[in-house]
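Could you take me around this structure, one selection at a time, and tell me what to look for at each stop? I have it open in a viewer and I am new to this.

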Amino acid sequence: MKLFNYVVLFIYITQLNLYAQISSQSMQASVNMIKPLAITAIGGEIDFSEIILTGTPRNIVLSPQNGKIFKVEGHPNRNIIITFSSQPLTNSQWVSNFGGTIGTINFSPSVVHTGANSSYSNPISITSGSSITLPNSQGIGNLYIWVGGSISIAANQPHGDYIGTFNLTVSY
Amino acid sequence: MNYIIVLFSIIIFYGFVFSQNHSIASVSISAKLIYGIQIEKIQNDLNFGEIILPVTNQNIEINPSNGIRFKIKSNPNKFVFINYYDIILNKESPQSLSTNDQILFVPLVISTGAFENYINPIQVISGNAYEAENVNGLGLLNIWLGGKLNLTSQNSAGNFSGTFVLNISY
């Protein structure tokens with residue numbers, strides 16, 4: 001019982017001491033929560049289909065309207081940077097299946113955007129590294145990007161199925 | 001106080017991290033480069049030689065194995081359409097134009113696929129498509145042309161010739 005009384009007294013004194021140390025400050029903390037960026041391929045293909053070799057150099061063009069469509073979602077009215085680059089296509093996988101000669105061709109992308117419009121109207125050309133403001137579409141920043149391009153075929157280009165990968169990066 | 005500053009810095013830092021957010025989309029690019037179809041005559045001609053005028057109607061035939069061999073080069077495993085027609089051989093320098101100065105040539109066309117020898121012959125029907133067999137990345141079809149001449153007892157003597165056309169396409 002004596003011990004219990006000492007403990008209660010100790011707690012009381014300690015609390016008094018703690019309260020004696022309390023001071024208060026008020027300040028404003030703010031943070032701007034930005035909607036994360038997302039890019040999704042929503043339709044189309046970058047497919048040049050069948051091209052019959054003629055023995056002469058050719059440049060085959062795929063219009064962005066007939067290419068791949070991407071939808072970018074992010075914070076409205078915020079600027080984003082869009083980057084992409086030319087890519088090599090190779091028929092090495094085809095040659096390993098059928099035989100023949102390995103070749104490469106270069107894909108030069110042609111990228112446009114139609115703002116928040118999901119239809120192909122008033123396309124605006126995009127160069128890699130350029131900054132574009134995400135149009136506000138009911139509180140969400142939406143941007144539609146269309147990718148076509150061209151491939152250059154040499155006179156002695158080996159035949160086969162050529163494939164490659166195209167990366168489109170968007171960032172704040 | 002220091003604790004509050006650290007906490008506030010973390011909030012600012014997080015805001016900075018989120019503002020650097022990025023996203024990447026990767027898609028495939030594809031193009032099928034198709035070998036430009038070609039045909040070349042490899043061996044022989046279609047020459048029926050000298051024929052003694054028959055006293056009755058008869059057919060003179062050259063077996064495709066002894067006729068012309070063509071080689072078709074195309075994309076492997078791609079179907080090739082083959083078209084041809086009967087033709088009329090006309091007498092060279094005819095004195096008068098009559099049916100006696102013409103001979104009907106009825107072609108007989110055979111495919112041996114990738115075989116360059118007369119092995120496993122398959123008759124080629126005009127207008128049908130045949131798959132070019134893959135040989136080291138090249139599609140091959142060996143086509144053999146023979147046929148028969150429809151001779152009549154009324155045919156006049158002389159040299160007869162004509163042009164046979166074999167059309168190929170994808």
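**First stop: a pair in the middle of chain A**

Select K71(A) and look across to strand 11 of chain A, where Y144(A) stands opposite. Keep in mind as you go that this is a predicted model.

Now widen the selection to the two strands. Strand 4 of chain A pairs with strand 11 of chain A in the antiparallel sense, and seven bridges connect them. Strands of a sheet pair through backbone hydrogen bonds, either parallel or antiparallel.

Strand 4 of chain A also pairs with strand 1 of chain A, residues 38-43, again running antiparallel, through five bridges. To find a spot in that pairing, select A38(A), which stands opposite E73(A).

**Two faces of one strand**

Stay on strand 4 of chain A and show its side chains. Which residues point to one face and are buried? They are K68(A), F70(A), V72(A) and G74(A). I69(A), K71(A) and E73(A) point to the other face and are not buried. In a regular strand the side chains alternate between the two faces of the sheet.

**Into the core**

Next, select V72(A), I145(A), V147(A) and L168(A). These have the most contacts inside the largest nonpolar core, which has 31 residues. Several strands of chain A each supply at least two residues of this core, among them strand 2 (46-52), strand 5 (79-83) and strand 7 (104-113), and strand 1 of chain B does too. Strand 11 of chain A gives the most, with seven residues.

Click on I145(A) for a closer look. Leaving aside residues up to four places away in sequence, I145(A) touches F70(A), V72(A), V111(A), H113(A) and L168(A). In soluble globular proteins, nonpolar side chains tend to be buried together.

There is a second, separate core to colour as well: its 16 residues include I72(B), V124(B), L141(B) and I168(B).

**Stepping back to chain A**

Colour chain A by its elements and you will find two helices and 12 strands. Along the sequence they follow the pattern α-β-β-β-β-β-β-α-β-β-β-β-β-β. Of the 172 residues of chain A, 27% count as buried. Among the contacts in chain A with a separation of 6 or more, 77% are between residues 24 or more positions apart.

**Two residues with positive phi**

Select S49(A) in strand 2 of chain A. The phi of S49(A) is near 60 degrees, a positive value in a residue other than glycine. Is S49(A) buried or exposed? S49(A) is exposed, because 11 other C-beta atoms lie within 10 Å, and a residue counts as exposed with 12 or fewer.

Then jump to N122(A), in the loop between strand 7 and strand 8 (124-126) of chain A. Here phi is near 50 degrees, also a positive value in a residue other than glycine. N122(A) has 10 C-beta neighbours inside 10 Å, so N122(A) counts as exposed.

**Across to chain B**

Now show both chains and select the residues that touch. In chain B, 28 residues are in contact with 46 residues of chain A. Helix 1 (2-19) and strand 1 (22-34) of chain B each supply at least two residues of the side of chain B that touches chain A. Strand 1 of chain B gives the largest share of that side, 13 residues. Colour the side by residue type and you get 13 nonpolar, 14 polar and one charged.

Where does strand 1 of chain B pair with chain A? Look at strand 12 of chain A, residues 160-171: 12 bridges join these two strands, which run antiparallel. One place to click is V170(A), which stands opposite S23(B).

**Last stop: a sheet in chain B**

Chain B has one helix and 13 strands, and 21% of its 170 residues count as buried. Select strands 9, 5 and 13 of chain B, which form an open sheet in the order 9-5-13 with antiparallel pairing. Strand 9 (129-131) and strand 13 (167-169) of chain B each have a single partner strand, so they stand at the edges with one side left without a neighbour in the sheet. On average, neighbouring strands of this sheet are turned by 30 degrees against each other, direction ignored.

Finish on strand 5 of chain B, residues 79-83, which pairs with strand 13 of chain B over three bridges in the antiparallel sense. Within that pairing, select I82(B) and you will find I168(B) as its bridge partner.

Terms used. Residues are numbered from 1 along each chain as its sequence is written. Chains are lettered from A and ligands numbered from 1 in the order in which they are written. This is a predicted model: local features need pLDDT of at least 70, side-chain atom pairs count only at pLDDT 80 or more; totals for chains, interfaces and linings use all residues. Two residues are in contact if their C-beta atoms, placed from the backbone, lie within 7 Å. Helices (H or I, at least four residues) and strands (E, at least two) are DSSP runs, numbered from the N terminus. Ala, Val, Leu, Ile, Met, Phe, Trp, Tyr, Cys and Pro count as nonpolar, Asp, Glu, Lys and Arg as charged, and the others, Gly among them, as polar. Two strands pair if DSSP finds at least two bridges between them. A residue is buried if 20 or more other C-beta atoms lie within 10 Å of its own, exposed if 12 or fewer, and partly exposed in between; C-beta atoms are placed from the backbone. A nonpolar core is a set of buried Ala, Val, Leu, Ile, Met, Phe, Trp, Tyr and Cys residues joined through C-beta atoms within 7 Å. Axes are lines fitted to C-alpha atoms, for helices over the stretch in contact, and angles run from 0 to 180 degrees between N-to-C directions.
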